[in-house]
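The exercises below are meant to be worked with the sequence and the coordinates open side by side. Please try each task before reading the solution that follows.

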Amino acid sequence: MMLLEAIILTVITASTPLLIAALGELVVEKSGVLNLGVEGMMIMGAACGIAAAIFTGSSAAGVLAAILAGMAMAALFGALTLGLAANQVAAGLALAIFGLGLSGMVGAGFVGAQRAGIGKIEVPLLSDIPLLGPVLFNQDPFVYASFALVFLVARFLNRTKAGLVLRACGENHAAAHALGYPVLRIRFLAVLFGGACAGLAGAYMSLVLTPFWSSGMTGGRGWIALAIVVFASWLPGRAAVGAYLFGGITILQLHAQGAGLRVPPQLMSALPYLITIVVLVLIMRLRRGGAAGPASLGVPFVPDR
Amino acid sequence: MTLTRRLLLGSAGALAGAALPGSQADAQSRLSVGVVLIGPVGDFGWSHMHDQGRRRMAEVLGDRVAATTVESVAPPDFDRVVTQLVRTGHRLIFTTSFSYFAPTQRIAPQHPGVFFENATGPTMLPNMAIYNARFYEGRYIQGVIAARKSRTKTIGYVATFPVPEVIHAINTVMRGAWSVDPAMKVRVVWVNAWSNPAREADAARALIDQGCDVLCSHTDGPAPLQLANERGIFGFGQASDMTRFAPRAHLTSSVNNWGDYYAERAQAVIAGTWQPKDTWGGLGSGMFRMAPWTNMTPEEVSEAERIRDAIASGRLHPFEGPIVRQDGTAVIPAGQRLDDNQIRAQNYFYQGIDASIPG
């Protein structure tokens with residue numbers, strides 16, 4: 001039981017940055033914009049987060065700086081793709097590479113700097129429930145935020161008018177425009193939200209998971225977040241399933257290795273990708289949830305006047 | 001001077017042009033040395049210590065050398081970077097990764113007037129030397145300390161790739177541990193990366209959750225050690241002194257020291273006595289040292305120092321027989337020891353290690 005609990009705890013912490021970044025990107029894509037630069041925004045969040053936290057001595061300031069850094073990167077992307085109607089794929093890839101380089105510069109002064117990670121917050125009484133208690137109610141603030149985000153994003157997209165308008169922009173921007181909605185402004189806000197989430201995910205990496213700066217420390221998690229959005233067929237609940245599944249298999253394969261299971265680790269390392277894809281494809285088939293991507297995804301929109 | 005790759009390539013034309021007029025007189029009095037790094041100077045591990053070596057060389061030789069560091073050079077960019085260094089007058093070039101071994105071997109014959117030094121390749125050329133440090137000596141000491149510290153009798157090892165360097169390190173840790181307590185066990189997790197802090201930390205979590213209470217790691221950064229600190233167990237630092245990352249968990253670090261070797265080789269080029277040679281230095285020659293002992297009792301420290309001195313002086317050899325493979329076949333009997341080539345080629349675990357080597 002102890003080991004199971006320990007494994008689940010690790011799975012949740014390993015999955016949280018993926019989940020937060022994926023939820024942000026999900027909203028961006030729902031608005032019809034494809035931002036491939038998640039990795040770049042995420043690592044900028046990681047670099048600026050730890051830089052600000054060390055500079056000010058406050059974790060909260062670090063988190064805020066990470067969110068702002070993610071948003072600044074997203075704003076740059078928005079200016080290019082929405083303001084100048086540049087190609088979203090090219091701009092997104094450029095953003096990812098740019099972020100990796102720039103974060104190295106931001107973080108250069110903080111290499112080897114040391115600070116304590118952000119601690120856990122225990123919910124009284126509830127955290128005493130066996131197994132579920134420690135897993136759900138004795139976590140760091142980021143994990144609670146990710147739980148809340150899944151719920152809020154799902155509710156926003158499906159149950160609010162604003163969410164409906166945002167989805168309309170993603171499905172048919174010409175129609176949304178004809179109805180008088182400011183398509184570009186709505187998309188820009190969605191892109192900013194995506195940046196904020198990616199920055200937050202980055203902060204989780206550099207402030208909680210491994211509380212120090214190391215260049216390239218996000219290690220491709222931004223790309224995984226992108227993939228999760230697609231495999232989750234743009235549904236927040238499934239994004240959570242995808243993120244925890246990916247994190248879960250990642251951690252389980254490490255445990256299997258430690259336990260001396262004789263399976264090639266290269267295969268084990270590939271498993272999270274394989275299983276996540278297979279399971280999400282299966283879910284899609286079973287539910288017949290033919291949720292294809294938003295129809296206007298990745299198509300630049302230039303309002304005619 | 002530290003250059004990024006892009007800066008180097010971008011400004012190469014300007015540099016070459018600017019350097020030419022005055023370079024004739026300058027080149028005779030001052031040796032230009034290039035250092036090519038696989039990672040960023042700021043990795044606080046492997047590449048960082050090679051850059052420290054470059055600094056040390058500059059300290060020792062003063063204005064007789066001018067060094068250029070090019071960091072984060074991916075193997076596909078290697079040829080361009082090195083060609084550029086050669087064109088800008090660098091006559092001694094250190095290529096500081098095993099990943100550069102094959103490229104260095106390919107490019108060295110094209111520049112017969114330039115001396116190449118590769119860490120940590122296996123073979124030489126007339127203008128290419130190889131150098132490495134006997135890190136396994138430090139691993140043996142880690143094993144001894146781990147066995148003293150461990151209550152659960154289980155060491156966790158965050159391994160990178162299944163190459164001989166890593167495999168013989170794991171074997172040596174266990175040799176050291178068994179010399180204290182033959183019941184010691186090891187759990188191994190391969191992370192398939194030299195640097196991926198979050199995955200290293202997850203691997204460390206898995207090992208700790210499975211009951212390991214001393215962590216050894218082969219990755220470049222301090223993530224596993226930091227996690228050991230957080231979880232109240234012990235660990236070791238790699239490449240540089242990592243005490244400050246884990247004040248409560250750090251036991252000792254293997255601290256690389258390339259500087260004296262770099263200075264010696266640069267001096268040899270200046271004096272015209274450079275010869276290709278295979279240098280595999282250890283504790284004895286100061287190629288690395290064990291950083292401060294921390295969180296250890298005075299008895300543990302004196303035992304560790306005794307073993308360190310025995311290895312440094314050659315009285316104790318970590319690869320003494322009998323050596324038996326995991327599957328039970330004998331490699332060498334008691335009284336013999338593995339030679340350097342056998343150590344370099346070690347691709348099997350010892351009997352008693354309950355872990356597997358991938359593929």
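Two residues are in contact if their C-beta atoms, placed from the backbone, lie within 7 Å. The model is predicted, and local features are taken only at pLDDT of at least 70 and side-chain atom pairs only at pLDDT 80 or more, while totals for chains, interfaces and linings use all residues. Residues are numbered from 1 along each chain as its sequence is written, and chains are lettered from A and ligands numbered from 1 in the order in which they are written.

**Exercise 1. Describe the overall fold of chain A.**

Task: state which pattern of helices and strands chain A follows along the sequence, and what share of its contacts with a separation of 6 or more joins residues 24 or more positions apart.

Solution. Begin with the elements, where helices (H or I, at least four residues) and strands (E, at least two) are DSSP runs numbered from the N terminus. Chain A has twelve helices and two strands, and their order along the sequence is α-α-α-α-β-α-β-α-α-α-α-α-α-α. Next, turn to the contacts: of those in chain A with a separation of 6 or more, 78% are between residues 24 or more positions apart.

Then consider the dimensions. The radius of gyration is taken over C-alpha atoms, and the globule rule is 2.2 Å times the number of residues to the power 0.38. For 305 residues a compact globule would have a value near 19 Å, and the 19 Å of chain A agrees with this. The C-alpha trace of chain A spans about 65 × 50 × 45 Å along its principal axes.

Finally, look at burial, for which a residue is buried if 20 or more other C-beta atoms lie within 10 Å of its own, exposed if 12 or fewer, and partly exposed in between, with C-beta atoms placed from the backbone. By this count, 50% of the 305 residues in chain A are buried.

**Exercise 2. Build the six-stranded sheet of chain B.**

Task: work out in which order the six strands of the open sheet in chain B stand, and which strands are at the edges.

Solution. Two strands pair if DSSP finds at least two bridges between them. Start with β7(B) (residues 154-159), which pairs with β9(B) in the parallel sense over four bridges; in this pairing Tyr157(B) stands opposite Cys216(B). Continue from β9(B) (residues 214-217), which runs parallel to β10(B) (residues 234-237) and is joined to it by two bridges, with Phe234(B) as the bridge partner of Val214(B). From β10(B) the step to β11(B) (residues 250-256) is again a parallel pairing over two bridges, and here Gly235(B) has His250(B) as its bridge partner.

The complete order is β8-β7-β9-β10-β11-β13 in chain B, and the pairing is mixed. The edges are β8 and β13 of chain B, each with a single partner strand, so one side of each is left without a neighbour in the sheet.

Now add the helices, with axes as lines fitted to C-alpha atoms, for helices over the stretch in contact, and angles running from 0 to 180 degrees between N-to-C directions. Helix α5(B) (residues 135-149) lies across β7, β9, β10, β11 and β13 of chain B, at about 180° to β11(B), whereas α7(B) lies across β7, β8 and β9 of chain B, at about 160° to β7(B).

**Exercise 3. Characterise the side of chain B that touches chain A.**

Task: decide which element of chain B gives the most residues to this side.

Solution. First, count the two sides: 34 residues of chain B are in contact with 32 residues of chain A. Second, list the elements of chain B that each supply at least two residues, namely β8 (185-190), α7 (197-209) and α8. Of the elements, α7(B) gives the most, with ten residues.

**Exercise 4. Inspect the unusual backbone positions in chain B.**

Task: find where Ser72(B) and Asn295(B) are placed, and whether each is buried or partly exposed.

Solution. Most residues other than glycine have a negative phi, and most peptide bonds are trans. Ser72(B), although not a glycine, has a positive phi of about 50°; this residue is in the loop between β3 (65-70) and α3 (78-87) of chain B, and is buried, with 20 other C-beta atoms within 10 Å. Asn295(B), also not a glycine, has a positive phi of about 55°, is placed in the loop between β13 and α10 of chain B, and is partly exposed with 17 such neighbours.

For the peptide bonds, the one from Ala119(B) to Thr120(B) is cis, with omega near 15°, and the one from Gly321(B) to Pro322(B) is cis, with omega near 0°.
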